[in-house]
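The following note sets out a few points for a reader who is meeting this structure for the first time. Please keep the sequence and the model in view while reading.

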Amino acid sequence: MREKKFKMALASISILAVILLTACPQTGRKSQAADHETGSLIYERRCAYCHGSRGEMVAGPRSLQESSMTLDEIHRIVVQGEGTMPGFGEELTDEELEAVSYFVLEFQD
Ligand code: HEC
């Protein structure tokens, strides 16, 4: 009887361990996923109404999908703004600026 309980406990612990391990495989990947989520959220709130939900809308000379800017160039324009696009350097944290810049880079064809 006692042994059975022990085995049951052992089984649940193993199941729990498997769930935990698959939920967060590596800290690196986990934080990248979190960055992606932050970027996506900020993009929807701050950028999508001008650039379209997938960067498909033409704002200024081109859409974000047609853009060929590097991550650094995107980061600069997001911080400072350009033409009629406002800069977000004052409103967003460094992490948020990086996350949204990276998120936008992924729109490029
Ligand atoms: C009020 C509308 C508006 C908002 C809000 C806006 N943008 Fe823009 N964005 C523009 C316009 C207009 C341009 C073209 C600027 C120019 O070259 O004159 C532009 C250009 C860009 C470019 C340069 C693309 C290229 O290759 O020329 C990037 C990158 C960009 N925006 C990212 C963002 C991100 C990220 C956000 C949100 C944090 C954002 N924008 C919010 C209007 C907007």
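1. Helices and strands are DSSP runs, a helix having at least four residues and a strand at least two, and they are numbered from the N terminus. By this rule the protein has four helices and zero strands. Read from the N terminus, the order of elements is α-α-α-α. The reader should bear in mind that the model is predicted.

2. The next point concerns burial and contacts across the whole chain. The protein has 109 residues, of which 16% count as buried. Among contacts with a separation of 6 or more, 58% are made by residues 24 or more positions apart.

3. Which residues make up the largest nonpolar core? This core holds 11 residues in all: I42, Y43, C47, L64, I74, V78, L97, A99, V100, F103 and V104. Two or more residues of the core are given by each of α2, α3 and α4. The largest share belongs to α4, with five residues.

4. The helix α3 deserves separate attention. Three of its residues, I74, H75 and V78, are buried. Why do they lie on the same side of α3? They do so because they cover an arc of only 100° around the helix axis. D72 and Q80, by contrast, are exposed on the other side of α3. As for the partner of the buried residues of α3, they pack against α4. Two of the residues named here, I74 and V78, are also listed in the largest nonpolar core.

5. The residue that follows α3 is G81. The phi angle of G81 is positive, near 80°.

6. The last point is the ligand and its surroundings. Around the ligand there are 21 residues, and those that come nearest are C47, C50, G60, S67 and G83. One of these, C47, is also a member of the largest nonpolar core. At least two residues of the shell are supplied by each of three helices: α2 (27–51), α3 (71–80) and α4 (94–105). Which element provides the largest share of the shell around the ligand? That element is α2, with four residues.

7. What is the chemical character of the residues around the ligand? The shell comprises 13 nonpolar residues, five polar residues and three charged residues. For the student, it is worth locating α2, α3 and α4 in the model, since these helices appear both in the shell around the ligand and in the largest nonpolar core.

Key. Residues numbered from 1 in each chain as written. Predicted model: local features only at pLDDT ≥ 70, side-chain atom pairs only at ≥ 80, totals over all residues. Near = placed C-beta within 6 Å. Nonpolar A, V, L, I, M, F, W, Y, C, P; charged D, E, K, R; others polar. Buried ≥ 20, exposed ≤ 12 C-beta atoms within 10 Å, placed from the backbone. Arc of directions from axis to C-beta. Contact = placed C-beta atoms within 7 Å. Core = buried A, V, L, I, M, F, W, Y, C linked by C-beta atoms within 7 Å.
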